[in-house]
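The exercises below are meant to be worked with the sequence and the coordinates open side by side. Each one gives a task and then a solution in steps.

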Amino acid sequence: MKTSLFEIFKIGIGPSSSHTVGPMRAAGDFVARLESQGELTRIARVRVELYGSLALTGVGHATDRAILLGLSGERPDSIAPEDIEPRLKAIRHSKRLSLAGKHAIPFEEPHDLLFPPETKHCQRIRTG
């Protein structure tokens, strides 16, 4: 059995592939499914809530960035590294997100990308 280097190492946008590659693909798959079902243009707003380790370390491990890019239709293995910062800056400045790169909706990160407080409370209990 042969193993490819690409099966061992994954291309990602942050310091933790488990906190970027998976969430970015999931967000991208979500909008791709909406599009394939003809529902993309009916979406007026998207709200993302992250739980568990994604909520506990999400911003520090770039999960927030991965979600924004994934919802925009980007894939971790195809986005050009030099495009990441300008895309994120444009989303955050305009407070608009183009789902799958095709359907613009309002997106205010502090209200639409959430790290629920009960998860943070759990962290405090675990760490003393």
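**Exercise 1. Glu109 and its surroundings**

Task: Find which residues Glu109 touches, not counting residues up to four places away in sequence, and establish where Glu109 is placed and whether it is buried or exposed.

Solution. Leaving out residues up to four places away in sequence, Glu109 touches Asp64, Leu68 and Arg92. The model is a predicted one, and in it Glu109 has its place in helix H6. Its relative accessible area is 19%, and because the limit for a buried residue is under 20%, Glu109 counts as buried. One of the contacts can then be described further, since the side chains of Glu109 and Arg92 are joined by a polar contact of 2.6 Å. As a last step, compare sequence with space for Glu109 and Arg47: they lie 62 residues apart along the chain, while their C-alpha atoms are 9.0 Å apart.

**Exercise 2. A second acidic residue of H6**

Task: Carry out the corresponding analysis for Asp112, asking which residue its side chain joins in a polar contact of 3.0 Å.

Solution. Asp112 also belongs to helix H6, which covers residues 109–112. With 5% relative accessibility, Asp112 counts as buried. When neighbours within four places in sequence are set aside, the contacts of Asp112 are Arg45, Val46, Arg47, Val48, Pro106 and Phe107. From this list, Arg45 is the residue whose side chain makes the polar contact of 3.0 Å with the side chain of Asp112.

**Exercise 3. The enclosure of H4**

Task: Determine how many residues of helix H4 are buried, and then examine what H4 gives to the largest nonpolar core.

Solution. Go through the helix residue by residue: Thr63, Asp64, Arg65, Ala66, Ile67, Leu68, Leu69, Gly70 and Leu71 are buried. Nine of the nine residues of H4, which spans 63–71, are therefore buried, so the rest of the structure largely encloses this helix.

The core itself comes next. The largest nonpolar core has 26 residues, and the members that touch the most others are Val46, Val48, Leu50, Leu71, Leu97 and Leu99. At least two residues of this core come from each of helix H2 (17–36), H4, helix H5 (81–94) and strand E2 (96–99). H4 gives the most, with five residues. As background, nonpolar side chains in soluble globular proteins tend to be buried together.

The two ends of the helix deserve a look at the backbone. Ala62 lies in the loop between helix H3 (52–57) and H4, and its phi is positive, near 75 degrees, in a residue other than glycine. Ala62 is also buried, at a relative accessible area of 5%. After H4 comes Gly73, where phi is again positive, near 95 degrees.

**Exercise 4. The hairpin of E2 and E3**

Task: Work out in which sense E2 and E3 pair and over how many bridges, and say which residues form the covered face of E2.

Solution. The pairing of E2 and E3 is antiparallel and runs over four bridges. One position to check is Ser98, which stands opposite Ala104 in E3. Sorting the side chains of E2 by face puts Leu97 and Leu99 on the covered side, whereas Arg96 and Ser98 are on the uncovered one. Between the strands of this hairpin are three residues, and Ala100 takes a positive phi near 55 degrees there. Ala100, in the loop between E2 and strand E3 (103–106), is buried, with a relative accessible area of 17%.

**Exercise 5. The chain as a whole, and its confidence**

Task: Summarise the fold of the chain, and identify over which residues the pLDDT is below 50.

Solution. Begin with the inventory: the chain has seven helices and four strands, arranged along the sequence as α-α-β-α-α-α-β-β-α-β-α. Of its 128 residues, 38% are buried. Among contacts with a separation of 6 or more, 72% are between residues 24 or more positions apart. The accessible surface is about 7,900 Å², with 56% of it belonging to carbon and sulfur atoms.

Turn finally to confidence. The average pLDDT of the chain is 84, and 78% of the residues score at least 70. The pLDDT falls below 50 over residues 119–128, a stretch with nine contacts in the model beyond near neighbours in sequence. Where pLDDT is low, predicted coordinates should not be read in detail.

Note on methods
Residues are numbered from 1 along each chain as its sequence is written. This is a predicted model: local features need pLDDT of at least 70, side-chain atom pairs count only at pLDDT 80 or more; totals for chains, interfaces and linings use all residues. Side-chain values use heavy atoms; hydrogens and water are left out. Buried means under 20% relative accessible area, exposed over 50%, partly exposed in between (1.4 Å probe, protein chains only). Contact means heavy atoms within 4.5 Å. Accessible areas come from the Shrake-Rupley method with a 1.4 Å probe; for residues, only the protein chains shown count as cover. A nonpolar core is a set of buried Ala, Val, Leu, Ile, Met, Phe, Trp, Tyr and Cys residues joined through side-chain atoms within 4.5 Å. A polar contact is a pair of N or O atoms within 3.5 Å; within protein, one must be able to donate a hydrogen and the other to accept it, and residues adjacent in sequence count only if both atoms are side-chain atoms. pLDDT is the predictor's confidence in each residue, from 0 to 100. Two strands pair if DSSP finds at least two bridges between them.
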